[in-house]
Amino acid sequence: MKITGIAPRRHRLSQLYIDGEAAVKVDTETLLRRGIAIGDELDDEELHALLQASAKHRAEEKALYLLEHRAHSKKELENKITRAEFDREAARSAVEHMEELGLLNDEDYARRLANELFTRKKFGARRVKQELRQKGIDDALIAAVMDEFSTERSETEENIRAILERKYPMAREDEKVRRRAVAALQRYGYGFDEIFSVLNSEE
């Protein structure tokens, strides 16, 4: 197969023309790195390797872009790259490369996220576990992180009280407000016993 043309395209891609026909689009930087030029001959194996290298580089660029905006877990990042029309192999390779560069660390990510959810959002332990699991953190790491952030009952009740005062100040006097407050606190990750312990206490 002979490369008979190379034309720039959007998103830093180049269109390769092989034997006079538009064939594949390849990452321009990968093309330059490999020194591919018009007139070069490629066999099937070489073309496949070029496409793999192109996908790998573009997936890494996507990973860097996503990590510039916020931290991610490994699984979350892999899924996002895959949804951006990259194959799973390229996405996994990009994630591994980000980890090697020190830009990705599930343990650090899980600890930071748990701290934010407990302290800023006032979530209960059940909701924090759910959020960590949704981010792709494995159960063993979730258990370890939750041990670090195990909250005393007094602290849990203080968080519930703070939510009630801020969002449902009439929960003790108005039954409709009380029902809404209970439903909301369940979504926050608190159990019935914790919620009603605060609602039924006299202040």
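Author: A residue is called exposed when its relative accessible area is over 50%, buried when it is under 20%, and partly exposed in between. The model discussed here is predicted.

Reader: Which residues of H8 are exposed?

Author: Ser-154, Glu-158, Glu-165 and Arg-166 are, and they lie on the other side of H8 from its buried residues. The buried ones are Thr-156, Glu-157, Asn-159, Ile-160, Ile-163 and Leu-164.

Reader: How do you know that the buried residues are on the same side of H8?

Author: They cover an arc of only 155° around the axis, so they sit on the same side of H8. What they pack against is helix H5 (106–119), helix H9 (175–187) and helix H10 (192–199).

Reader: What makes the span of H8 agree with its number of residues?

Author: H8 has 15 residues, 153–167, and the expected span is 1.5 Å times one less than that number. The result is 21 Å, and the end C-alpha atoms are 21 Å apart, so the two agree.

Reader: Why is Lys-167 called partly exposed?

Author: Its relative accessibility is 45%, which lies between the 20% and 50% limits, so Lys-167 counts as partly exposed. This residue belongs to helix H8.

Reader: What makes the pair Lys-167 and Tyr-188 a polar contact?

Author: The side chains of Lys-167 and Tyr-188 make this contact at 2.9 Å, and the cut-off for a pair of N or O atoms is 3.5 Å.

Reader: Which residues of H7 are buried, and how do you know where they lie around the axis?

Author: Leu-141, Ile-142, Val-145 and Met-146 are buried. Their arc around the axis is only 135°, which puts them on the same side of H7. H5 and H6 are among what covers them. The face turned away from this buried side carries the exposed residues Ala-140 and Asp-147. At the start of H7, a side-chain oxygen of Asp-138 comes to within 3.1 Å of the backbone nitrogen of Ala-140.

Reader: Which residues of the largest nonpolar core touch the most other members?

Author: Val-128, Leu-132 and Leu-164 do, in a core of 30 residues. H5, helix H6 (125–134), helix H7 (139–148), H8, H9 and H10 each supply at least two residues of this core, and H5 gives the most, with six.

Reader: What does Leu-132 touch?

Author: Leaving out residues up to four places away in sequence, Leu-132 touches Ala-110, Leu-113, Ala-114, Ile-137, Ile-142 and Met-146. A second, separate core has 14 residues, including Ile-81, Phe-86, Ala-91 and Leu-104.

How values were computed:
Residues are numbered from 1 along each chain as its sequence is written. This is a predicted model: local features need pLDDT of at least 70, side-chain atom pairs count only at pLDDT 80 or more; totals for chains, interfaces and linings use all residues. Side-chain values use heavy atoms; hydrogens and water are left out. Helices (H or I, at least four residues) and strands (E, at least two) are DSSP runs, numbered from the N terminus. Buried means under 20% relative accessible area, exposed over 50%, partly exposed in between (1.4 Å probe, protein chains only). The arc is that of the directions from the helix axis to the C-beta atoms. Contact means heavy atoms within 4.5 Å. A polar contact is a pair of N or O atoms within 3.5 Å; within protein, one must be able to donate a hydrogen and the other to accept it, and residues adjacent in sequence count only if both atoms are side-chain atoms. A nonpolar core is a set of buried Ala, Val, Leu, Ile, Met, Phe, Trp, Tyr and Cys residues joined through side-chain atoms within 4.5 Å.
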